[in-house]
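Trainee: Please take one buried spot in this model and look at it closely with me. Then walk me outwards from there, so that I can see how the rest of the chain fits around it.

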Amino acid sequence: MEKKTGVLLYPLFSEYEITVALSILKQGKHPITTIGISAGPILGESDLACIPDQTIYDVDIESLDSLLLPGCMDITTLYDRQDVVDFIKRCSDTLKNLVIASISSSPYLLARAGLLENRKYTVGMLESERRITGVFQEDHYSNDLVVLDGNILTARGRGFIPFGVRLGQLLNLEFDPKWYLANE
């Protein structure tokens, strides 16, 4: 079975933060499956409606080799979504080598799932916002734009280009990173 990247979709997901990663996955001929928190259309932060291929309730986790989590315009809308946190944790527990790529505010979901414990990470949330959540280990926070610790890749939103490139490299894809760099 050919493994896929599961792209997690939830209301107000940030489309632009995953555009380069999706383009690199396509260029590298790596299949994706979109995984929604519901089966119906999910609106991103710019009102792009996406109909997921599967949901967090019916996806075959064994078919995945990676998870891609976009940021969310208002991550507080996911604060009470334990089902999303449980899905991420279940994926990580089931697949020990699963690559998890999480950008902007979505590392909050990883922290809630316990996946950032004792790992270096970055997130697109202010220190005061991180402290309010009570789920982040501040001594492991990095101000770097993109951070890799083991199989977990985190990035701040404006790092979406190097984030996408790094994901492609982690999956050993053949792609041309120059497509995504500014002309000099």
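Mentor: Let's go with Ser-105, which counts as buried because its relative accessibility is 5%. "Buried" here means under 20% relative accessible area, "exposed" means over 50%, and "partly exposed" is what lies in between, using a 1.4 Å probe and protein chains only. Keep in mind that this is a predicted model, where local features need pLDDT of at least 70 and side-chain atom pairs count only at pLDDT 80 or more, while totals for chains, interfaces and linings use all residues. Residues are numbered from 1 along each chain as its sequence is written, and side-chain values use heavy atoms, leaving out hydrogens and water.

So where is Ser-105? You'll find Ser-105 in the loop between β7 and α3 (107–112). Those labels are DSSP runs, numbered from the N terminus: helices are H or I with at least four residues, strands are E with at least two. Leaving aside residues up to four places away in sequence, Ser-105 touches Gly-71, Cys-72, Ile-75, Val-123, Gly-124 and Met-125. A contact means heavy atoms within 4.5 Å.

For contrast, flip over to Lys-29, in the loop between α1 and β2. Lys-29 has a relative accessible area of 71%, so Lys-29 is exposed. The C-alpha atoms of Lys-29 and Ser-66 are 14 Å apart, with their positions 37 residues apart along the chain.

Now follow β7 into its sheet. The sheet is open and has seven strands in the order β5-β2-β1-β6-β7-β9-β8, with mixed pairing; two strands pair if DSSP finds at least two bridges between them. At the edges stand β5 (54–55) and β8 (146–149), each with a single partner strand, so one side of each has no neighbour in the sheet. Inside the sheet, β1 (residues 4–9) and β2 (residues 32–36) run parallel and are joined by five bridges. In that stretch, Leu-8 stands opposite Ile-35 in β2.

Helices lie across these strands. Helix α1 (residues 19–27) crosses β1, β2 and β6 (64–69), at about 155° to β6. Helix α2 (residues 82–94) lies across β1, β2, β6 and β7 (99–103), at about 145° to β6. For these angles, axes are lines fitted to C-alpha atoms, for helices over the stretch in contact, and the angles run from 0 to 180 degrees between N-to-C directions.

Helix α5 (residues 160–170) has its own hidden residues: Phe-163, Gly-164, Val-165, Leu-167 and Gly-168 are buried. Their cover includes α1, β6, β7, β8 and β9 (152–155). After α5 comes Asn-172, with a positive phi near 55°.

Next, the charged pairs. Side chains of opposite charge can pair when their charged atoms come close. The structure holds five salt bridges, each being a side-chain nitrogen of Lys or Arg within 4 Å of a carboxyl oxygen of Asp or Glu. One of them joins Asp-144 and Lys-120, with the closest N and O atoms 3.6 Å apart. That pair links distant parts of the chain, 24 residues apart: Asp-144 is in the loop between α4 (127–133) and β8, Lys-120 in the loop between α3 and α4. Asp-144, at 38% relative accessibility, is partly exposed, and so is Lys-120 at 40%.

Another salt bridge joins Arg-131 and Glu-127, 2.7 Å from N to O. Both sit in helix α4, four residues apart, about one turn of the helix. Arg-131 counts as exposed at 52%, while Glu-127 is partly exposed at 41%. Glu-138 and Arg-130 also meet in a salt bridge, at 2.9 Å from N to O, and here Arg-130 is buried, with 5% relative accessibility.

Finally, zoom out. The protein chain has five helices and nine strands, and buried residues make up 49% of its 184 residues. Among contacts with a separation of 6 or more, 68% come from residues 24 or more positions apart.
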